[in-house]
Amino acid sequence: MVRVFFLLLAVLFVLVAVSLQSSCGGDEEPASPEGAAGCGCDKLRRAAPGAEDPEEEKEEQRASREPAVKYTAAANEGISEMVFIPGGEFLMGTDSPGIPQDGEGPQRPVHVDSFYMDVLEVTNQQFQSFIRATGYVTEAEKFGDSFVFEGILGEAVKSQITQAVAAAPWWLPVKGANWKHPEGQDSNITDRLDHPVVHVSWADAVAFCSWANKRLPTEAEWEYACRGGLKDRLYPWGNKLNPKGQHYANLWQGEFPVHNSGEDGYVKTSPVKSFPANGFGLYDMVGNVWEWTLDWWTVHHTTDHQTNPTGPPSGQDKVKKGGSYMCHKSYCYRYRCAARSQNTPDSSASNLGFRCVSSEKR
Ligand SMILES: [Ca+2]
Ligand SMILES: [Ca+2]
């Protein structure tokens with residue numbers, strides 16, 4: 001049925017009205033780690049009116065340095081458990097990049113100060129508390145749509161869609177899709193309050209963390225935390241994807257994008273904490289949903305030793321880390337700590353979420 005849908009898609013007028021390129025999509029590339037470079041992860045991009053407006057760009061750049069929206073943090077006490085991440089030195093990136101074009105290398109010495117990090121990806125329940133307390137309206141709600149992976153959509157919704165992302169046709173802009181209606185108006189989060197929130201833009205994530213008196217992690221903090229105290233390993237738990245035949249993250253098993261066997265138990269998002277924590281006690285650092293970071297995107301990195309790096313001062317895209325339930329080695333080998341991808345800050349999708357950090361205990 002999915003193949004039939006792709007055939008239909010091929011004859012449909014493909015508009016790239018919103019080229020939001022979130023996560024791991026597959027790619028027209030062959031099934032090899034190198035092929036993962038073209039997963040279309042960076043194609044999800046809203047063709048926002050006025051995107052060329054230099055004033056708007058400046059505004060976005062200012063927003064990268066300070067929370068876009070500040071809220072009182074009343075009523076959010078204990079909203080999410082945090083764990084202490086002891087600061088230290090680590091090797092960021094890799095000299096054996098799975099996807100060199102993503103700027104995974106070179107490996108470089110970095111120091112990060114101690115901080116606290118949410119143990120879990122921010123859940124629907126937590127995001128719902130934020131919305132109820134503040135009346136915040138997400139960007140996807142303002143735009144009126146968001147990107148949903150076609151493999152998790154019902155036929156009725158799919159039949160009404162006449163657009164797709166040219167470079168990644170499995171991404172469909174779905175009317176009415178947002179954090180509380182993940183697959184469009186007919187869906188809801190009632191039975192997945194303990195799943196990570198999705199369809200949140202970078203600004204939405206910043207707004208939530210600000211409300212909780214927290215902030216997004218820098219890419220360096222995120223990667224340091226991902227490694228869980230291990231040195232130069234691929235994954236938060238080591239170098240083997242499935243030690244002793246066990247799954248350690250919610251990823252994609254099967255042939256992307258046509259068949260997800262769900263061998264790890266989930267074909268979509270999973271409840272947070274469904275897989276083992278890493279050495280720092282953090283869950284789902286790789287897989288489940290991509291996680292926004294504070295940094296602007298660049299693929300050029302200095303090899304000089306850095307302390308608490310925060311990325312370039314400006315840019316067009318924000319860095320996201322960790323891969324998602326859509327990641328498979330053949331198309332999106334991005335569920336490694338050194339892996340990275342990017343999206344425009346206003347992008348949102350059915351596999352992109354976040355977690356917050358704080359320099360002080362919350
Ligand atoms: Ca899975
Ligand atoms: Ca994750």
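**Exercise 1. The sheet**

Which residue in β10 is the bridge partner of Val110? Work outward from this pair to the order of the strands in the sheet.

*Solution.* This is a predicted model, in which local features need pLDDT of at least 70 and side-chain atom pairs count only at pLDDT 80 or more, whereas totals for chains, interfaces and linings use all residues. Residues are numbered from 1 along each chain as its sequence is written, chains are lettered from A and ligands numbered from 1 in the order in which they are written, and side-chain values use heavy atoms, with hydrogens and water left out.

Step 1. The partner of Val110 in β10 is Gln306, and β5 and β10 pair in the parallel sense over two bridges. Strands (E, at least two residues) and helices (H or I, at least four) are DSSP runs numbered from the N terminus, and two strands pair if DSSP finds at least two bridges between them.

Step 2. Strand β4 (residues 88-92) runs antiparallel to strand β5 (residues 108-112), to which five bridges join it; Glu89 has His111 as its bridge partner in β5.

Step 3. The order of this open sheet of three strands is β4-β5-β10, with mixed pairing. Because β4 and β10 (306-307) stand at the edges with a single partner strand each, one side of each is left without a neighbour in the sheet.

Step 4. Helix α7 (residues 219-227) packs on the sheet and touches β4 and β5, its direction making about 95° with that of β4. Contact here means heavy atoms within 4.5 Å, and axes are lines fitted to C-alpha atoms, for helices over the stretch in contact, with angles running from 0 to 180 degrees between N-to-C directions.

**Exercise 2. Two packed helices**

Describe how α3 and α6 pack, and state which residues of α6 are buried.

*Solution.* Step 1. Helix α3 (residues 124-134) and helix α6 (residues 202-211) pack at an angle of about 80°, their axes being 11 Å apart. The two helices are therefore roughly perpendicular to each other, a term that covers angles of 65 to 115 degrees, while those under 35 count as roughly parallel, those over 145 as roughly antiparallel and the rest as oblique.

Step 2. From α3, Gln126, Phe127, Ser129, Phe130, Ala133 and Thr134 meet Asp204, Ala207, Phe208 and Trp211 of α6.

Step 3. Nine of the 10 residues of α6 are buried, namely Trp202, Asp204, Ala205, Val206, Ala207, Phe208, Cys209, Ser210 and Trp211. Buried means under 20% relative accessible area, exposed over 50% and partly exposed in between, with a 1.4 Å probe and protein chains only.

Step 4. Beyond the helices, Gly135 follows α3 with a positive phi near 75°, and Asn213, just after α6, takes a positive phi of about 60°.

**Exercise 3. The calcium sites**

List the protein donors of each calcium ion, and classify Asp264 and Tyr266 by burial.

*Solution.* Step 1. The calcium ion (ligand 1) is coordinated at 2.3 to 2.5 Å by Asn250 (OD1), Leu251 (O), Asp264 (OD), Asp264 (OD) and Tyr266 (O). Donors are N, O and S atoms within 2.8 Å of the metal (3.2 Å for Na, K and Ca), and water is not among the atoms, so sites may look incomplete.

Step 2. Asp264 is buried, at a relative accessible area of 8%, whereas Tyr266 counts as partly exposed at 26% relative accessibility.

Step 3. For the calcium ion (ligand 2), the protein donors are Glu121 (OE), Asp284 (O), Gly287 (O), Val289 (O) and Glu291 (OE), lying 2.4 to 2.6 Å from the ion. Val289 and Glu291 are buried.
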